[in-house]
Amino acid sequence: MKKLMTYTPTHKMSDLATQHFRILLVLNRFGIGLGFGEKTIAEVCKENNVDVATFLAVANMLVKDDDIAEETILNISPEALITYLQRSHEYFLEFRLPEIRQGLENVLTERKNDLNNAVLNYFDEYVEEVRKHMMYEETKVFPYIRELIEGKNNRKYNIDIFRRHHDQVEYRLKEFKQILIKYYPAKGSNELNNVLFDIFNCEYDLASHNKIENQLLIPSILKLEQKNRLRDEQTN
Amino acid sequence: MSKQIKIAIAESSDVIRAGVISILKRMNSQILFFEIKNFQQLRQSVAHHNFDILILNPILTGFSSPQQLKKEIIKSGGIKIIALQSVLCENSLLSQYDESISIFDSSEQIISKLKKAISSPDTDISTECLSSREKEIVGLVVKGLSNKQIAQKLNLSIHTVITHRRNISTKLDIHSTSGLTIYAIVNKLIEIDDINKND
């Protein structure tokens with residue numbers, strides 16, 4: 001595999017986004033619009049009030065599948081990262097998954113039968129699972145992190161509890177894809193392929209979303225917890 | 001994107017545990033580490049998590065064989081157990097493990113052994129078709145019967161039913177009831193009326 005470069009604040013934003021199309025999703029979630037002309041990553045981030053270190057941590061993680069440097073973790077703004085993750089939840093729940101559901105329905109309703117109902121039922125159950133997974137983060141984990149940022153120490157919860165129970169939310173989508181490919185007795189059609197491609201993409205996106213939580217969010221919160229604990233010890 | 005791997009390290013020495021983890025972190029994969037300090041914790045952890053790999057100091061379990069461990073406390077299939085050797089062990093014991101690493105191995109040796117263990121396929125269950133018994137069980141699961149009900153109906157122990165279900169999941173790579181429903185309809189294992197009754 002060819003060695004991919006790590007992007008820095010002085011690279012052009014347009015270079016990053018044209019070379020790696022998945023960055024478009026990231027830009028959107030950070031609230032950055034297109035049309036950056038010749039501006040650097042730092043300039044574009046500043047204009048949009050986005051923390052450049054956090055943006056680069058996420059972007060570089062998507063671009064190259066590498067170990068995360070300690071320094072990267074220390075520079076992340078947890079606040080910016082959870083805003084990003086929340087937007088990304090919104091994207092999956094309000095846009096991506098409903099869109100796949102719509103596509104499935106279009107393909108399947110040609111023949112309305114029990115098999116097709118079972119397939120839709122499977123997908124609905126899956127979406128419900130994703131919703132629960134994400135809602136747990138929104139109602140339990142993110143509020144806890146916000147408290148930490150404000151300097152409060154909630155002793156009943158810690159990020160390690162989350163780490164241990166954080167399951168791979170894309171796993172069942174992979175299963176779904178396999179079931180469709182292995183067992184769904186349909187003639188291959190452009191429409192069905194379209195839905196499958198959407199599912200592949202969504203599976204990839206969900207996996208990288210999870211990876212951001214596991215490898216950027218959790219380590220940076222561990223550091224924050226440490227810092228707060230140290231401060232508490234000093235004041236006592 | 002590579003799958004996340006769950007690795008548990010069962011070793012009573014804090015220093016050795018930390019050392020092993022820091023070496024494994026150099027591998028380019030997504031690993032979730034679980035640290036286990038004693039036998040008690042080992043018992044609890046394996047009950048709650050499905051580890052892909054257990055790196056275990058044989059001292060921790062009083063040098064019992066990995067087969068015994070799998071039978072008595074681990075029970076989930078597919079786990080690979082690697083011996084972490086800090087004192088001399090009998091070779092006949094070590095060879096029963098999926099792999100063994102010594103605390104005097106170099107980082108490179110440890111990483112390459114781990115990689116080998118991760119990529120070697122599970123030997124116990126092949127991905128052949130379901131047996132007729134397993135098909136029968138799929139039909140009953142899809143109809144909404146609990147493991148207990150299935151056991152009663154087929155005159156099996158609950159333990160056997162659970163084993164069958166685990167093998168079904170492994171063979172088909174389907175882990176949910178709604179997924180099995182699709183499989184059952186396609187393969188005509190159930191009459192459509194059977195599911196509707198439960199709606």
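Start by colouring chain A by pLDDT: this is a predicted model, and the mean for chain A is 87, with 96% of its residues reaching 70 or more. Select helix H3 (residues 41-47) of chain A to see where confidence in that chain is highest, at a mean of 95. Then move to H9(A), where confidence is lowest, at a mean of 83.

Now colour chain B in the same way. Its mean pLDDT is 83, and 88% of its residues reach 70 or more. Among the elements of chain B, helix H7 (residues 147-154) has the highest mean, 93, and helix H10 (residues 192-197) the lowest, 56. Next, select residues 123-127 of chain B, where the pLDDT is below 50. Beyond near neighbours in sequence, this stretch has six contacts in the model. Where pLDDT is low, the predicted coordinates should not be read in detail. For the model as a whole, the scores are ipTM 0.71 and pTM 0.68.

**Stop 1: two helices of chain A**

Select helix H6 (residues 78-108) of chain A together with H7(A). Their axes come within 11 Å and cross at roughly 170 degrees, and the two helices are therefore roughly antiparallel to each other. Show side chains along the contact: on H6(A), look for residues including A:Ile82, A:Phe92, A:Leu97 and A:Leu104. On H7(A), the contact residues include A:Leu120, A:Phe123, A:Met134 and A:Phe142. Colour the contact by class and you should find 16 nonpolar, three polar and five charged residues. Among the residues that make this contact are A:Arg101 on H6(A) and A:Arg131 on H7(A).

**Stop 2: where the chains meet**

Keep H7(A) selected and bring chain B back into view. Here, 20 residues of chain A are in contact with 16 residues of chain B. Which elements of chain A give two or more residues to this side? They are helix H7 (114-149), helix H9 (171-183) and helix H10 (190-235) of chain A. The largest share, seven residues, comes from H7(A). The whole side of chain A that touches chain B has nine nonpolar, five polar and six charged residues.

Zoom in on H7(A) and H9(B). They pack at an angle of about 165 degrees, with their axes 9 Å apart. That angle makes H7(A) roughly antiparallel to H9(B), and H7(A) passes H9(B) in a left-handed crossing. From H7(A), pick out A:Asp114, A:Leu115, A:Ala118, A:Val119, A:Asn121, A:Tyr122 and A:Glu125. They meet B:Ser178, B:Gly179, B:Thr181, B:Ile182, B:Ile185 and B:Val186 in H9(B). By class, this contact has seven nonpolar, four polar and two charged residues. A:Val119 is worth a second look: A:Val119 also takes part in the contact of H7(A) with H6(A).

**Stop 3: H9(B) within its own chain**

Hide chain A and select helix H6 (residues 132-142) of chain B with helix H9 (residues 177-186) of chain B. Their packing angle is about 120 degrees and their axes lie 9 Å apart, which makes H6(B) oblique to H9(B). This crossing is left-handed. H6(B) brings B:Val138, B:Gly139, B:Val141 and B:Val142, while H9(B) brings B:Thr177, B:Leu180, B:Thr181, B:Tyr183 and B:Ala184. The contact has six nonpolar residues, three polar and no charged. Highlight B:Thr181, which is part of this contact and also of the one with H7(A).

**Stop 4: the sheet of chain B**

Select the strands of chain B. They form an open sheet of five strands in the order S2-S1-S3-S4-S5, with parallel pairing. Strand S2 (31-36) and strand S5 (99-102) stand at the edges, each with a single partner strand, so one side of each is left without a neighbour in the sheet. From one strand to the next, the twist averages 20 degrees.

Follow the pairing across S4(B). Strand S3 (residues 53-56) of chain B is joined to strand S4 (residues 80-85) of chain B by four bridges. Select B:Leu54 opposite B:Ile81 in S4(B), then B:Leu56 opposite B:Ala83. On to S5(B): four bridges join S4(B) to S5(B), and B:Ala83 has B:Ser100 as its bridge partner there.

Finish with two helices on the sheet. Helix H2 (residues 39-48) of chain B touches strand S1 (5-10) and S2 of chain B, and its direction makes about 140 degrees with that of S2(B). Helix H5 (residues 107-119) of chain B touches S1, S3, S4 and S5 of chain B, and its direction makes about 165 degrees with that of S5(B).

Conventions:
Residues numbered from 1 in each chain as written. Chains lettered and ligands numbered in written order. Predicted model: local features only at pLDDT ≥ 70, side-chain atom pairs only at ≥ 80, totals over all residues. Axes fitted to C-alpha atoms, helices over the stretch in contact; angles between N-to-C directions. Parallel < 35°, antiparallel > 145°, perpendicular 65-115°, else oblique. Left-handed = near helix turned anticlockwise from the far one by under 90°. Contact = placed C-beta atoms within 7 Å. Nonpolar A, V, L, I, M, F, W, Y, C, P; charged D, E, K, R; others polar. Pairing = 2+ DSSP bridges. pLDDT = per-residue confidence, 0-100.
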